[in-house]
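Please open the model in a viewer and keep the sequence panel visible beside it. The tour proceeds by selection, with a short account at each stop.

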Amino acid sequence: ITLNLSILNNSSTTLNETACNSYFFNGQSITNSGIYYDTLTNAAGCDSLITLNLSILNNSSTTLNETACNNFFFNGQSITSSGIYYDTLTNAAGCDSLITLNLTILNNSSTTLNETACNNFFFNGQSISSSGIYFDTLTNAAGCDSLITLNLSIQPLDNSVTQTGAQLQANETGATYQWFECPAYTLLAGQTNALFVATSNGDYAVQISKNNCIDTSSCIPVTNVQLANLNNFDSPYFYPNPTTGKLLCSFPIDVIEVYTPYGQQVKSFYHTNAITLVGLAPGTYYLRLEYKTHRYYQKLIKE
């Protein structure tokens with residue numbers, strides 16, 4: 001007996017594998033790490049033992065709750081609307097990392113202020129004394145920027161006074177006026193015109209109110225008040241004084257203005273030497289006379 005014998009050997013293979021979530025082996029999907037076996041047929045027709053050392057790694061997920069002003073940069077884009085957004089990255093294990101973004105977009109706000117002030121206005125930590133457009137950025141109720149635009153008009157009062165003898169004229173027009181006697185700033189009842197004619201020597205000031213602004217002039221001295229000047233031949237005078245209404249002047253006068261003791265003008269005449277107080281209540285009145293370049297004052301009593 002002659003035996004020609006060929007001995008063939010089984011074979012074995014070890015696989016070291018890492019997979020995300022699952023691995024297909026031996027006809028099944030494996031989701032857990034471990035050592036798994038399978039027997040196949042090798043090229044020699046013998047058994048081929050397969051040993052699988054399997055590491056299963058898992059995907060991960062993260063939820064982000066974000067609040068942003070105006071926009072938020074995510075997944076390569078700038079997002080300007082609130083909503084739910086997704087992105088898939090790679091985690092430390094090399095598997096998928098699902099990012100879920102719950103996004104709330106809040107907005108900036110803007111406010112425009114139109115303000116008028118006397119002399120100055122306090123804004124943005126500073127006192128502003130010039131008209132113009134100014135800006136400040138605050139934080140609104142949402143925590144975002146609040147842009148404040150200020151359209152500011154500064155309207156300073158002119159508190160200067162022009163003096164002509166006993167006549168004081170406030171230079172600010174279209175305002176409300178109140179005259180005082182200094183230094184105690186004693187209110188002069190009824191003296192509420194821009195023009196004030198002093199009836200006695202002293203210091204006087206005017207309080208001016210306009211556009212919700214109030215300012216007071218400096219105290220202005222009035223001296224050498226002459227309400228009657230009958231001893232000077234060159235000075236005009238009216239007669240009779242006291243009078244029942246009609247008066248004549250010693251010569252024609254360019255301008256004649258009649259004032260109450262409170263500085264209120266009640267009559268005016270031009271280029272005449274005859275005037276009348278008819279229609280005025282009995283009492284004391286003051287005449288302001290202009291003749292050429294001269295001004296005169298005279299006190300009258302109407303009966």
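Is Cys-46 buried or exposed? Cys-46 counts as buried, because its relative accessibility is 15%; buried means under 20% relative accessible area, exposed over 50%, and partly exposed in between, computed with a 1.4 Å probe on protein chains only.

Before going further, please note that this is a predicted model, in which local features need pLDDT of at least 70 and side-chain atom pairs count only at pLDDT 80 or more, while totals for chains, interfaces and linings use all residues. Residues are numbered from 1 along each chain as its sequence is written, and side-chain values use heavy atoms, with hydrogens and water left out.

**Stop 1: the loop after strand S4**

Select Asn-42, which is found in the loop between strand S4 (34-41) and strand S5 (47-57). Strands here are DSSP runs (E, at least two residues), and helices are DSSP runs as well (H or I, at least four), numbered from the N terminus. Asn-42 counts as buried because its relative accessibility is 15%. Now add Ala-44: its backbone nitrogen lies 3.0 Å from a polar atom of the Asn-42 side chain.

Which residues should be displayed around Asn-42? Leaving aside neighbours within four places in sequence, Asn-42 is in contact (heavy atoms within 4.5 Å) with Asn-9, Asn-10, Ser-11, Asp-47 and Ser-48.

Next, colour S4 and S5. These strands pair in the antiparallel sense over eight bridges; two strands pair if DSSP finds at least two bridges between them. Thr-39 has Leu-49 as its bridge partner in S5. The hairpin of S4 and S5 has five residues between the strands, and in it Gly-45 takes a positive phi near 90 degrees.

**Stop 2: from S5 to S1**

Keep S5 in view and add S1. The two strands run parallel and are joined by 10 bridges. To locate the register, select Leu-15 and its bridge partner in S5, Leu-52. When inspecting side chains along a strand, recall that in a regular strand they alternate between the two faces of the sheet.

**Stop 3: strands S6, S9 and S10**

Select S10 together with strand S6 (residues 60-69): they pair in the parallel sense over 10 bridges. Ala-68 has Ile-105 as its bridge partner in S10. Then add S9, which pairs with S10 in the antiparallel sense over eight bridges. Ile-84 stands opposite Asn-102 in S10. Five residues lie between the strands in the hairpin of S9 and S10, where Gly-94 takes a positive phi near 90 degrees.

**Stop 4: the disulfides**

Show the cysteine side chains. How many disulfides does a search of the whole structure find? The search finds four, a disulfide being a pair of cysteine sulfur atoms within 2.5 Å. With bonded cysteines counted along the chain, the pattern is 1-3, 2-5, 4-7, 6-8.

Start with Cys-20 and Cys-95, which a disulfide joins with an S to S distance of 2.0 Å. Cys-20 lies in strand S1 (residues 11-20) and Cys-95 in the loop between strand S9 (83-90) and strand S10 (96-106), so the pair ties together parts that are 75 residues apart in sequence. The link of Cys-20 and Cys-95 is left-handed, with -90 degrees about the S-S bond. Cys-20 counts as partly exposed at 33% relative accessibility, whereas Cys-95 is buried at 2%.

Move to Cys-118 and Cys-213, a disulfide with sulfur atoms 1.4 Å apart. Cys-118 is in the loop between strand S11 (109-117) and strand S12 (121-123), and Cys-213 is in strand S22 (residues 213-216), 95 residues apart. This link of Cys-118 and Cys-213 is left-handed, with -95 degrees about the S-S bond. Both Cys-118 and Cys-213 are buried.

Then select Cys-182 and Cys-219, joined by a disulfide (S to S 2.0 Å). Cys-182 lies in strand S18 (residues 176-182) and Cys-219 in the loop between S22 and strand S23 (220-222), 37 residues apart. The disulfide of Cys-182 and Cys-219 is left-handed, because the torsion about its S-S bond is about -85 degrees. Cys-182 counts as buried at 10% relative accessibility, and Cys-219 as partly exposed at 31%.

Finish at Cys-249, which counts as buried at 3% relative accessibility.

How values were computed: A polar contact is a pair of N or O atoms within 3.5 Å; within protein, one must be able to donate a hydrogen and the other to accept it, and residues adjacent in sequence count only if both atoms are side-chain atoms.
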